[in-house]
Amino acid sequence: MKKKPASPTVPPAAIDATLTQDALIPWAAEFQAKLLAWFRAEGRDYPWRQTENPYAILVSEVMLQQTQIATVLGRGYYDRWMTAFPDVATLAAASEPAILRVWEGLGYYSRARNLQKTAQAVLALPGGQFPESVEGLLALHGIGPYTAGAVASFAWNLPAPLVDGNVARVLTRLMACDLPIDQPPMPRRLWEWAGILLNRQDARLHNSALMELGQRICTPRSPACLICPVNTCCASAGPAAASRPKKSPARATVLVIEHTLLAIRDNKILLHQETGRRRQGLWKLPLRTAAETAALPLLHTAQYAITHHRVTLHIHAFAPDNANTNSNAAPAPQREDETWHSLADLPLLPMPGPYRKSLNHLLRQ
Ligand code: SF4
């Protein structure tokens with residue numbers, strides 16, 4: 001899974017209404033016209049662009065926050081979610097395991113839980129409808145400035161700017177800005193620029209076009225300035241473009257080794273349920289230390305990445321009935337937070353993607 005650059009999270013600053021767009025950015029009108037003309041001719045059609053349903057738009061935006069469109073659409077996540085939870089009421093009433101199971105493989109599971117909390121917050125409002133304003137959306141659980149701008153402009157065409165990683169990159173290049181994008185004053189400045197450049201009559205198309213320009217033309221490593229529809233407005237057009245935006249140094253990669261047990265008895269498997277913030281509610285194989293698994297046969301090794309962690313997952317064979325008869329190197333027997341589950345139920349239990357893949361591989365054998 002490819003993580004998109006973090007989007008600035010500072011709320012839109014108030015734009016001085018006494019200043020015209022021309023006074024602030026003289027080429028704003030030209031930019032808007034060229035951007036819209038390009039998008040009308042070349043813009044892609046996605047399911048969430050064929051609807052004005054704020055719930056469907058919210059689902060797509062939350063899924064796309066950390067995941068590429070090809071995954072969300074091509075691997076069926078969006079369609080499966082909308083089939084399982086077609087509206088706010090269905091999602092609000094769903095069980096957490098059911099939600100996590102449909103989300104499984106997308107990672108960043110707090111997004112799924114937050115979506116449900118947002119649905120519950122909407123239902124609790126008088127009338128049980130989404131509030132039709134940026135301020136009202138921001139008051140809902142789990143909705144930040146980007147998502148509020150996206151839902152407000154895509155669902156109701158409200159003149160709300162938005163800034164995600166793609167938009168931030170485009171804006172930084174347009175302005176030839178070399179300040180670190182993730183440090184003050186940049187987050188607030190990006191929202192100001194997005195507000196000044198916004199086509200207030202056609203915010204829905206404008207915001208879609210700006211995001212798509214960043215996805216397809218003004219890409220991180222190979223911006224296609226020669227064919228870019230707004231290159232006459234851009235102060236970075238040409239070789240300088242790829243050097244922007246500047247960022248603070250990346251966090252150092254942390255190597256992690258997980259030693260786990262594959263313990264199966266009477267067609268049941270021993271599992272541990274995560275309580276940590278990132279994967280809360282997901283089921284994993286029981287974790288042990290390297291010393292506890294040193295004497296156990298190694299069945300399988302897999303590698304995966306999560307944020308700045310590079311994880312090596314080792315799965316060791318463990319015969320539960322022999323737990324107390326082994327040497328000092330034997331892993332501790334079943335622990336309080338570990339429970340037995342029928343192998344037949346395994347497909348129904350939400351599980352981190354790398355664990356699911358490794359388990360499926362081992363069980364096929
Ligand atoms: S001209 Fe190049 S740098 Fe400027 S917006 Fe277009 S693709 Fe991005």
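**Close-up views of the model**

**Overview: burial, contacts and element count.** Of the 365 residues in the protein, 37% are buried; a residue counts as buried if 20 or more other C-beta atoms lie within 10 Å of its own, exposed if 12 or fewer do, and partly exposed in between, with C-beta atoms placed from the backbone. Bear in mind that this is a predicted model, where local features need pLDDT of at least 70, side-chain atom pairs count only at pLDDT 80 or more, and totals for chains, interfaces and linings use all residues. Residue numbers run from 1 along each chain as its sequence is written. The protein has 15 helices and seven strands, taken as DSSP runs numbered from the N terminus (helices: H or I, at least four residues; strands: E, at least two). Among contacts in the protein with a separation of 6 or more, 70% link residues 24 or more positions apart; a contact here means two C-beta atoms, placed from the backbone, within 7 Å.

**Helix H10 and what packs over it.** H10 covers residues 145–156, and its end C-alpha atoms are 16 Å apart. That agrees with the 16 Å that its 12 residues should span at 1.5 Å a residue, since the expected span is 1.5 Å times one less than the number of residues. Because 11 of the 12 residues are buried, H10 is largely enclosed by the rest of the structure. The buried set includes Pro145, Tyr146, Phe154 and Ala155. Look for helix H3 (54–64), helix H9 (134–138) and helix H13 (203–216), which are included in what covers those buried residues.

**The loop after H10, at asparagine 157.** Asparagine 157 sits in the loop between H10 and H11, just after H10 ends. Its phi is positive, about 60 degrees, although the residue is not a glycine. Asparagine 157 is partly exposed, with 17 other C-beta atoms within 10 Å.

**The H11–H12 loop: a positive phi at alanine 176 and a cis bond at proline 185.** Alanine 176 lies in the loop between H11 and H12 and, though not a glycine, has a positive phi of about 50 degrees. With 13 other C-beta atoms within 10 Å, alanine 176 is partly exposed. Proline 185 is also placed in the loop between helix H11 (165–174) and helix H12 (186–197). The peptide bond leading from proline 184 into proline 185 is cis, with omega near 10 degrees.

**A cis bond on the way from H13 to S1.** Arginine 244 and proline 245 are joined by a cis peptide bond, with omega about 0 degrees. Proline 245 belongs to the loop between H13 and S1.

**The ligand and its shell.** Zoom in on the ligand and you'll find 15 residues around it, the closest being Cys218, Cys225, Cys228, Cys234 and Ala241; a residue is in this shell if its C-beta atom, placed from the backbone, lies within 6 Å of the molecule. Sorted by class, the shell has 12 nonpolar, two polar and one charged residues. For that sorting, Ala, Val, Leu, Ile, Met, Phe, Trp, Tyr, Cys and Pro are nonpolar, Asp, Glu, Lys and Arg are charged, and the others, Gly among them, are polar.

**Strand S2 and its partners S1, S7 and S3.** Strands pair here if DSSP finds at least two bridges between them. S1 (residues 254–265) and S2 (residues 268–273) pair in the antiparallel sense over two bridges, with arginine 265 opposite lysine 268. Their hairpin has two residues between the strands, and aspartate 266 takes a positive phi near 50 degrees. S2 also pairs with S7 (residues 338–342), antiparallel over five bridges, where histidine 272 has glutamate 338 as its bridge partner. S3 (residues 283–284) is another antiparallel partner of S2, over two bridges, and glutamine 273 stands opposite tryptophan 283 there.

**Strand S6 with S1 and S5.** S1 and S6 (residues 309–318) run parallel, joined by 10 bridges, one of the pairs being valine 254 with histidine 309. S6 also pairs with S5 (residues 298–306), this time in the antiparallel sense over eight bridges; alanine 302 stands opposite leucine 313. S5 and S6 form a hairpin with two residues between them, and threonine 307 in the turn has a positive phi of about 45 degrees. When you trace side chains, remember that in a regular strand they alternate between the two faces of the sheet.
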